[in-house]
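Here is a short guided read of one protein model, written for someone who would rather be at the bench. Have the viewer open and follow along.

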Amino acid sequence: MCDNHLPENSGKKPVTPRTDEEKTAVLNRLKRIEGQVRGIQKMVENDRYCVDVLVQISAINNAMNKVGYSLLERHTHHCVADAIKQGEGEEAIDELMKVIQQFSK
């Protein structure tokens, strides 16, 4: 594994598990995005104008970023903050910076 990449599955668990409300909100957003992706597939099948397809792809990218930033914020407030309190802040901050770099590509 290259130092610039994070593992696909770290094997770690959140310090504070997501509440049912948080899970529902994230899952609903992802299901909405999934529906948008299916819509784009149909647009391609129906030979829709390229710009129309690209606009929808941009909307999906924005929606995914919004979900990602939401999860990133939660991770920072819970997992990273807890690691700092436990004296393991350097490792948590390094991991956070890697995920931010990965996310912002």
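Is Cys 50 buried or exposed? With a relative accessible area of 57%, Cys 50 is exposed. Cys 79, at 16% relative accessibility, counts as buried. The number of disulfides comes to 0, the cut-off being a pair of cysteine sulfur atoms within 2.5 Å.

**How far to trust the model**

Please keep in mind that this is a predicted model. The mean pLDDT of the protein is 91, and 93% of its residues reach 70 or more. Among the elements, α1 has the highest mean pLDDT, 97, while α3 has the lowest, 93. As a reading rule, predicted coordinates should not be read in detail where pLDDT is low.

**The largest pocket**

Next, a look at the open space. The largest pocket holds about 930 Å³ of space. The elements that give two or more residues to its lining are α2 (50–85) and α3 (89–103). Which of the elements gives the largest share of that lining? That is α2, with 9 residues.

In total, 26 residues line the largest pocket. Those nearest its centre are Ser 10, Lys 12, His 75, Cys 79 and Glu 95, so the list takes in Cys 79, the cysteine that counts as buried at 16% relative accessibility. Sorted by class, the lining has 12 nonpolar, 9 charged and 5 polar residues.

**Salt bridges**

How many salt bridges does the structure hold? There are 5 salt bridges, and three of them are set out here.

| Salt bridge | N to O distance |
|---|---|
| Lys 12 and Glu 91 | 4.0 Å |
| Glu 22 and Arg 74 | 3.0 Å |
| Glu 34 and Arg 38 | 3.6 Å |

Start with Lys 12 and Glu 91, whose side chains meet in a salt bridge at 4.0 Å, N to O. Lys 12 lies in the segment before α1 (20–45) and Glu 91 in helix α3, so this pair ties together parts that are 79 residues apart in sequence. Lys 12 is partly exposed, with a relative accessible area of 48%. Glu 91, at 57%, is exposed.

The side chains of Glu 22 and Arg 74 form another salt bridge, at 3.0 Å from N to O. This pair also links distant parts of the chain, with Glu 22 in helix α1 and Arg 74 in helix α2, 52 residues apart. Is Arg 74 buried or exposed? Its relative accessibility is 13%, so Arg 74 counts as buried, because the cut-off for buried is under 20%. Glu 22, at 28% relative accessibility, counts as partly exposed.

The salt bridge between Glu 34 and Arg 38 has its closest N and O atoms 3.6 Å apart. Both residues sit in helix α1, and being 4 residues apart there, they are separated by about one helical turn. Glu 34 is partly exposed, with a relative accessible area of 43%. Arg 38 also counts as partly exposed, at 44% relative accessibility. Elsewhere, Lys 12, Glu 91 and Glu 95 are joined into one network by salt bridges that share partners. Two members of that network, Lys 12 and Glu 95, are also on the list of residues nearest the centre of the largest pocket.

**A loop residue and two distances**

Where is Asp 47? Asp 47 has its place in the loop between α1 and α2. Although Asp 47 is not a glycine, it has a positive phi of about 55 degrees. At 70% relative accessibility, Asp 47 counts as exposed.

Two C-alpha to C-alpha distances can help you find your way around the model. Glu 34, in helix α1, is 18 residues from Asp 52 in sequence and 18 Å from it in space. Lys 98 has its place in helix α3 and is partly exposed, with a relative accessible area of 29%. Lys 98 and Lys 31 are 67 residues apart in sequence and 27 Å apart in space.

Key:
Residues are numbered from 1 along each chain as its sequence is written. This is a predicted model: local features need pLDDT of at least 70, side-chain atom pairs count only at pLDDT 80 or more; totals for chains, interfaces and linings use all residues. Side-chain values use heavy atoms; hydrogens and water are left out. Buried means under 20% relative accessible area, exposed over 50%, partly exposed in between (1.4 Å probe, protein chains only). On a 1 Å grid over the protein atoms alone, a cavity is a set of points where a 1.4 Å probe fits but cannot get out, and a pocket is an open set with protein on both sides within 12 Å along at least five of seven lines; lining residues have an atom within 4 Å of a point. Grid points are joined across faces, edges and corners, and a volume is the space filled by probe spheres set on the points. Ala, Val, Leu, Ile, Met, Phe, Trp, Tyr, Cys and Pro count as nonpolar, Asp, Glu, Lys and Arg as charged, and the others, Gly among them, as polar. pLDDT is the predictor's confidence in each residue, from 0 to 100.
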